[in-house]
Amino acid sequence: VQLVESGGGLVQPGGSLTLSCAASGFTSENYVIGWFRQAPGQEREGVSCTSNYDGATYIADSVKGRFTASRDNVKNTVYLHMNNLNPGDTAVYYCATRSRCAWSSILFRSWGQGTQVTVSS
């Protein structure tokens with residue numbers, strides 16, 4: 001399994017950014033893609049989880065109303081759409097996969113390399 005994140009960068013407060021997680025190498029359709037973020041000195045935090053099987057998407061309470069997730073099954077890609085960003089959203093964002101959605105990062109075994117998101121004026 002290979003996961004490749006892209007789309008990070010520098011954005012001003014109040015701005016928007018969309019991250020992509022391109023997935024490959026799966027032998028089953030029954031998997032989920034989770035988005036996590038980790039700020040310096042902080043624990044890795046779950047942000048969203050999308051099921052490839054039925055498209056169900058879960059968004060963490062900490063970002064609900066600002067972040068959404070979507071998928072493109074043709075491209076095997078899951079997107080994290082981030083709106084109204086603030087400096088507290090600054091972190092390295094990772095995608096990861098397992099069989100079922102969970103908020104705990106330790107349950108996920110396969111991870112992408114991460115993409116930096118910096119929110120600053």
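The following paragraphs describe a sheet, a cavity and the disulfides of this structure.

The model is predicted; local features need pLDDT of at least 70, side-chain atom pairs count only at pLDDT 80 or more, and totals for chains, interfaces and linings use all residues. Residues are numbered from 1 along each chain as its sequence is written, and side-chain values use heavy atoms, with hydrogens and water left out.

The sheet comes first. Four strands in the order β1-β3-β8-β7 form an open sheet with antiparallel pairing. Its edge strands, each paired on one side only, are β1 (2-6) and β7 (67-72). From one strand to the next the twist averages 20 degrees, where axes are lines fitted to C-alpha atoms and angles run from 0 to 180 degrees between N-to-C directions. Strands here are DSSP runs of E with at least two residues, numbered from the N terminus, and two of them pair if DSSP finds at least two bridges between them.

At one edge, β1 runs antiparallel to β3 and is joined to that strand by 5 bridges. L3 has A23 as its bridge partner in β3. In a regular strand the side chains alternate between the two faces of the sheet. Along β1, L3 and E5 point to one face and are buried, whereas Q2, V4 and S6 point to the other and are not. Buried means under 20% relative accessible area, exposed means over 50%, and partly exposed lies in between (1.4 Å probe, protein chains only).

At the other edge, β7 is joined by 6 bridges to β8 (residues 77-82), and these two strands are also antiparallel. A69 stands opposite L80 in β8.

Next comes the empty space inside the model. Rolling a probe the size of a water molecule over the atoms shows where empty space is left. A cavity is a set of points, on a 1 Å grid over the protein atoms alone, where a 1.4 Å probe fits but cannot get out. The structure holds 1 cavity of 30 Å³ or more. About 60 Å³ of space lies in the largest cavity; grid points are joined across faces, edges and corners, and the volume is the space filled by probe spheres set on the points.

Lining residues have an atom within 4 Å of a point. For the largest cavity they are A23, Y31, I33, T50, N52, R71, D72, N73, N76, T77 and V78. Both β7 and β8 supply at least two residues of this lining. By class, the lining divides into 4 nonpolar, 5 polar and 2 charged residues. Ala, Val, Leu, Ile, Met, Phe, Trp, Tyr, Cys and Pro count as nonpolar, Asp, Glu, Lys and Arg as charged, and the others, Gly among them, as polar.

The covalent links remain. A disulfide is a pair of cysteine sulfur atoms within 2.5 Å, and the count comes to 2 disulfides. One joins C21 to C95, with an S to S distance of 2.1 Å. C21 lies in strand β3 (residues 17-24) and C95 in strand β9 (residues 91-98), so the pair ties together parts that are 74 residues apart in sequence. The link of C21 and C95 is right-handed, with 75 degrees about the S-S bond. Both C21 and C95 are buried.

A disulfide also joins C49 to C101 (S to S 2.1 Å). C49 lies in strand β5 (residues 45-51) and C101 in the loop between β9 and β10 (110-111), so this pair ties together parts that are 52 residues apart in sequence. The disulfide of C49 and C101 is left-handed because the torsion about its S-S bond is about -95 degrees. C49 counts as buried at 1% relative accessibility, while C101 is partly exposed, with a relative accessible area of 29%. With the bonded cysteines numbered in sequence order, the pairing is 1-3, 2-4.

How values were computed: On a 1 Å grid over the protein atoms alone, a cavity is a set of points where a 1.4 Å probe fits but cannot get out, and a pocket is an open set with protein on both sides within 12 Å along at least five of seven lines; lining residues have an atom within 4 Å of a point.
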